Amino acid sequence: MTLRPVAAAEAPALAAIHAAAFPPSEAWGADAIVLMLGMPGAFGLWRPEAGFVLARAAGGEAEILTLAVLPAARRQGLGAALMAAALAGAAARGAEAMFLEVAAGNAAALPLYRGLGFAEVGRRRRYYPDGADALVLRRDLRPAEPAAAAG
Ligand SMILES: CC(C)(COP(=O)(O)OP(=O)(O)OC[C@H]1O[C@@H](n2cnc3c(N)ncnc32)[C@H](O)[C@@H]1OP(=O)(O)O)[C@@H](O)C(=O)NCCC(=O)NCCS
């Protein structure tokens with residue numbers, strides 16, 4: 001599945017995807033996306049007219065800023081591919097762990113994240129405008145230790 005790095009000039013196309021993926025109160029405009037991309041360590045990957053992920057890697061840790069797939073493009077593996085690319089991009093930038101926040105009732109994103117090895121490390125009560133709690137999830141990015149030799 002071909003993914004492209006995001007450029008700031010593509011922010012309007014990303015904002016259109018975000019608006020279709022999230023409720024109006026949570027949609028990010030192009031200006032907000034440009035600001036996110038300007039943060040130190042920020043990077044993004046996308047499949048045009050389908051979905052994108054924005055992430056940030058700084059100080060040995062990384063976070064997912066947002067992940068959005070158009071309704072018509074869902075359940076075809078794009079969300080997982082975007083997340084895998086973001087995890088690889090963060091590891092390549094020296095991050096040892098990836099964090100993200102997700103609404104406790106997000107029935108699509110939670111199985112996706114758990115399937116990629118994320119585990120809950122915290123809960124932020126009434127974090128979202130609708131009063132929903134946010135779960136803080138973490139995934140290790142360090143290569144697994146080689147198994148100790150037997151004997
Ligand atoms: C969450 C989201 C990015 C998933 O994108 P996607 O391209 O549909 O995800 P994938 O096709 O890669 O799904 C991978 C796995 O995640 C899980 N999953 C995805 N959508 C699911 C759903 N609606 N219900 C249950 N499990 C789901 C499944 O385990 C799926 O594997 P499967 O299809 O083999 O069963 C997409 O639903 C979306 O944009 N939602 C709105 C925005 C949002 O909530 N973003 C995350 C905020 S933290």
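Student: Which residues come nearest, of the 20 around the ligand?
Tutor: Arg74, Gly79, Ala80, Ala108 and Leu112 come nearest. Keep in mind that this is a predicted model. The elements β4, α3 and α4 (109-115) each give two or more residues to the shell around the ligand. α4 gives the most, with four residues.

Student: What makes a residue of this shell count as nonpolar, polar or charged?
Tutor: Its residue type does. Arg counts as charged, Ala and Leu as nonpolar, and Gly as polar. Sorted this way, the shell around the ligand divides into 13 nonpolar, five polar and two charged residues.

Student: Why is Ala58 called partly exposed?
Tutor: Count the neighbours. Ala58 has 15 other C-beta atoms within 10 Å. Buried needs 20 or more, and exposed needs 12 or fewer. The count of 15 lies in between, so Ala58 is partly exposed.

Student: Where is Ala58 found, and what does it touch?
Tutor: Ala58 is found in strand β3. It touches Pro40 and Gly41, leaving aside residues up to four places away in sequence. Ala58 and Ala95 are 37 residues apart in sequence, yet 7.0 Å apart in space, C-alpha to C-alpha.

Student: How do you know which strands are the edge strands?
Tutor: Look at the pairing. Seven strands form an open sheet in the order β1-β2-β3-β4-β5-β7-β6, with mixed pairing. β1 (4-5) and β6 (119-124) each pair on one side only, and they are the edge strands.

Student: What makes β4 and β5 a pair?
Tutor: Bridges do. A pair needs at least two bridges. Three bridges join β4 to β5, so these strands pair. β4 and β5 run parallel. One bridge partner is Met98 in β5, which is matched with Ala62.

Student: Which strands do α1 and α3 meet?
Tutor: α1 packs on the sheet and touches β2, β3 and β4. Its direction makes about 75° with that of β4. α3 lies across β2, β3, β4 and β5, and runs at about 20° to β3.

Student: Which residues touch the most other members of the largest nonpolar core?
Tutor: That core has 38 residues, and Leu45, Phe52, Val53, Ala55, Leu82, Ala86 and Ala90 touch the most other members. Elements giving two or more residues include α1 (11-21), β3 (51-58) and α3 (78-92). α3 gives the most, with seven residues.

Student: What does Phe52 touch?
Tutor: Val6, Leu14, Ile17, Gly44, Leu45, Trp46, Ala68 and Leu82, not counting residues up to four places away in sequence.

Methods. Residues numbered from 1 in each chain as written. Predicted model: local features only at pLDDT ≥ 70, side-chain atom pairs only at ≥ 80, totals over all residues. Core = buried A, V, L, I, M, F, W, Y, C linked by C-beta atoms within 7 Å. Contact = placed C-beta atoms within 7 Å. Near = placed C-beta within 6 Å. Axes fitted to C-alpha atoms, helices over the stretch in contact; angles between N-to-C directions.
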